[in-house]
Amino acid sequence: NMGKKLFVEKFQIKTIALSIFSIVSISAILMFCDIVQAEENRKIHTKLRSTCGIFPDDSMVKKYNFYDKFDNKTGDFVNDYEMKVINEERVIIDRATGLMWHQSGSNHCLSWEGSKEWVSIFNKNGYAGYHDWRLPTMEEAASLLESKQMNGDLFIDPVFDKKQIWVWTGDSHVSGGAWLVHYGCGCVFWRDIGARYVRPVRTLE
């Protein structure tokens, strides 16, 4: 009887141990799945045009649900920003579009042609260790627009410097002007003359 009792007790202990092990294992598996899912969710889910061109309008604003005070007031594109400091230089990564942005940009307004020269010099200096910075396309620059004023009186996330109130894109208008994004009014439009800031961008590898 004593031997039988010990056998039963050992069996019960093993059963409890196996149950605990199973619970821990299942919890670990579920935790791992959550981590994997979280990483999947952070992957690029909106691929934007990166090659500049000539366009007659800004219809892409509605296509990607970007906010525009005049053309798409219900727009509300969701970004996924992360600020990083690389070689003591600040960049903003947007996981939603797979883009890396300069946290600020040029200190002064430049002509459209002058902005291209500025980017060329910027690349020679290798900001944050990269040499493939460029002017953003209309879509890329518009993707930063917020549906409400968040950065002081600007329609852009406060993760960015607020000095660059409006920026050139690399896209031109069929009339010969160039497209720009105005974070002060929350809109996209084009102009044939004038000076604007530059906020360079690069595509994540």
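This section describes strand pairing and one buried loop residue in a predicted model.

The open sheet is considered first. Four strands make up this sheet, in the order 2-3-4-8, with antiparallel pairing. The edges are occupied by strand 2 and strand 8 (201-203), each of which has a single partner strand, so one side of each lacks a neighbour in the sheet. On average, neighbouring strands of the sheet are turned by 30° against each other, direction ignored. At the edge formed by strand 8, the contact with strand 4 (residues 99-102) comprises 3 bridges, and the two strands run antiparallel. Within this pairing, M100 is positioned opposite R202 of strand 8.

A further set of pairings involves strand 6 (residues 178-182). Strand 6 is joined to strand 5 (residues 166-173) in the antiparallel sense by 4 bridges, and to strand 7 (residues 187-191), also antiparallel, by 5 bridges. Residue A178 takes part in the register on either side: A178 lies opposite S172, and A178 also faces R191 in strand 7. Both connections are hairpins. Between strand 5 and strand 6 there are 4 residues, and G176 in this turn adopts a positive phi of about 115°. The hairpin of strand 6 and strand 7 likewise has 4 residues between the strands, and here G186 has a positive phi near 70°.

Strand 6 is largely enclosed by the rest of the structure, because 5 of its 5 residues are buried. The burial extends to both faces of the strand: A178, L180 and H182 are buried on one side, and W179 and V181 are buried on the other. Residue A178 thus combines a buried position with a place opposite S172 and opposite R191 of strand 7.

Outside the strands, attention turns to N72. This residue belongs to the loop that links helix 2 (60-63) with strand 2 (81-86), strand 2 being one of the edge strands of the open sheet. The relative accessible area of N72 is 9%, and because values under 20% count as buried, N72 is classed as buried. A polar atom of the N72 side chain lies 2.8 Å from the backbone oxygen of F66. Apart from residues up to four places away in sequence, N72 touches V61, K62, N65, F66 and Y67. F66 therefore appears both among the residues touched by N72 and as the source of the backbone oxygen close to its side chain, at a separation within the 3.5 Å limit for a polar contact.

Methods: Residues are numbered from 1 along each chain as its sequence is written. This is a predicted model: local features need pLDDT of at least 70, side-chain atom pairs count only at pLDDT 80 or more; totals for chains, interfaces and linings use all residues. Side-chain values use heavy atoms; hydrogens and water are left out. Buried means under 20% relative accessible area, exposed over 50%, partly exposed in between (1.4 Å probe, protein chains only). A polar contact is a pair of N or O atoms within 3.5 Å; within protein, one must be able to donate a hydrogen and the other to accept it, and residues adjacent in sequence count only if both atoms are side-chain atoms. Contact means heavy atoms within 4.5 Å. Two strands pair if DSSP finds at least two bridges between them. Axes are lines fitted to C-alpha atoms, for helices over the stretch in contact, and angles run from 0 to 180 degrees between N-to-C directions.
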